[in-house]
Amino acid sequence: MSRDWLLRQYEDTARALACFVLGREYSVHEELIFADSESLSRGDLLLFELRGMLREGRVNEAENRLFELVEADTKPEYLPAALDFYERLAALNDAQLAACRFSREEVAEGLGHLRALYEDGAVGKAVP
């Protein structure tokens with residue numbers, strides 16, 4: 001299986017999931033521009049937190065943080081940060097993932113788990 005094909009699969013899944021939950025097209029590369037920190041939503045803060053952890057190579061910790069929030073409450077505002085996180089992981093090569101003690105299979109499993117949480121009709125509701 002080629003890396004490019006797998007990356008396209010992640011991107012297609014992310015776009016479909018975002019369209020389903022947000023009700024609009026969404027690019028996980030959309031840049032966030034804010035006048036001040038008071039305008040940041042919880043989803044925006046999560047995005048910055050996950051990106052920071054990813055830059056530091058703390059991938060497992062970032063994924064745990066993501067699911068800690070999403071499993072407690074599948075807020076639609078968390079979805080863009082989650083999709084951005086998985087697209088950035090999918091773009092890493094195998095050596096970069098291994099250096100973070102993460103695998104391509106874990107990327108697919110995490111995205112699948114995220115998809116299941118949001119598609120099970122639990123959007124915006126706390127998950128028991």
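## A walk through six helices

Start by selecting R58 and E61: their side chains meet in a salt bridge, with N and O 2.8 Å apart. Keep in mind that you are looking at a predicted model. While the pair is on screen, try colouring by accessibility. R58 is partly exposed at 31% relative accessible area, and E61 is partly exposed too, at 40%. The general idea behind such a pairing is simple: side chains of opposite charge can pair when their charged atoms come close.

**Zoom out to the whole chain**

Now switch to a cartoon view. The protein chain has six helices and zero strands, and reading along the sequence gives the pattern α-α-α-α-α-α. Of the 128 residues, 42% count as buried. If you turn on a surface, about 7,200 Å² of it is exposed, and carbon and sulfur atoms supply 52% of that area. A contact map is worth a look as well: among contacts with a separation of 6 or more, 70% are between residues 24 or more positions apart.

**Select R65 and E68**

Next, go to helix α3, which spans residues 59–72; R65 and E68 both lie there, three residues apart, or about one turn of the helix. They form a salt bridge whose closest N and O atoms are 2.8 Å apart. R65 counts as partly exposed, with 24% relative accessibility. Add E49 to your selection: salt bridges that share partners join E49, R65 and E68 into one network.

**Select R51 and D84**

How many salt bridges does the structure hold? There are 10, and the next one to visit links R51 with D84, where the closest N and O atoms are 3.0 Å apart. R51 sits in helix α2 (residues 42–55) and D84 in helix α4 (residues 79–91), so this pair ties together parts that are 33 residues apart in sequence. Are these two residues buried or exposed? With under 20% as the cut-off for buried, R51 is buried at 14% relative accessible area, and D84 is buried at 3%.

**Stay on α4 and bring in α6**

D84 has already brought you to α4, so keep that helix and show helix α6 (residues 104–119) beside α4. In general, two packed helices are described by the angle between their axes and the distance between the axes. Here the angle is about 160 degrees and the axes are 10 Å apart. Angles over 145 degrees count as roughly antiparallel, and α4 and α6 are therefore roughly antiparallel to each other. Rotate the view to follow the crossing, in which α4 passes α6 in a left-handed manner.

To see what fills the contact, show side chains on both helices. From α4, pick L79, A82, L83, Y86, L89 and A90. From α6, pick R104, V107, G110, L111, L114 and Y118.

**Last stop: R101**

Finally, select R101 in the loop between α5 (94–99) and α6. What is the phi value of R101? It is near 55 degrees, a positive value in a residue other than glycine. As background, most residues other than glycine have a negative phi. Turn the surface back on here, and you will find that R101 counts as exposed, at 68% relative accessibility.

Note on methods. Residues are numbered from 1 along each chain as its sequence is written. This is a predicted model: local features need pLDDT of at least 70, side-chain atom pairs count only at pLDDT 80 or more; totals for chains, interfaces and linings use all residues. Side-chain values use heavy atoms; hydrogens and water are left out. A salt bridge is a side-chain nitrogen of Lys or Arg within 4 Å of a carboxyl oxygen of Asp or Glu. Helices (H or I, at least four residues) and strands (E, at least two) are DSSP runs, numbered from the N terminus. Buried means under 20% relative accessible area, exposed over 50%, partly exposed in between (1.4 Å probe, protein chains only). Contact means heavy atoms within 4.5 Å. Accessible areas come from the Shrake-Rupley method with a 1.4 Å probe; for residues, only the protein chains shown count as cover. Axes are lines fitted to C-alpha atoms, for helices over the stretch in contact, and angles run from 0 to 180 degrees between N-to-C directions. Angles under 35 degrees count as roughly parallel, over 145 as roughly antiparallel, 65 to 115 as roughly perpendicular and the rest as oblique. A crossing is left-handed if the near helix is turned anticlockwise from the far one by less than a right angle, and right-handed if clockwise.
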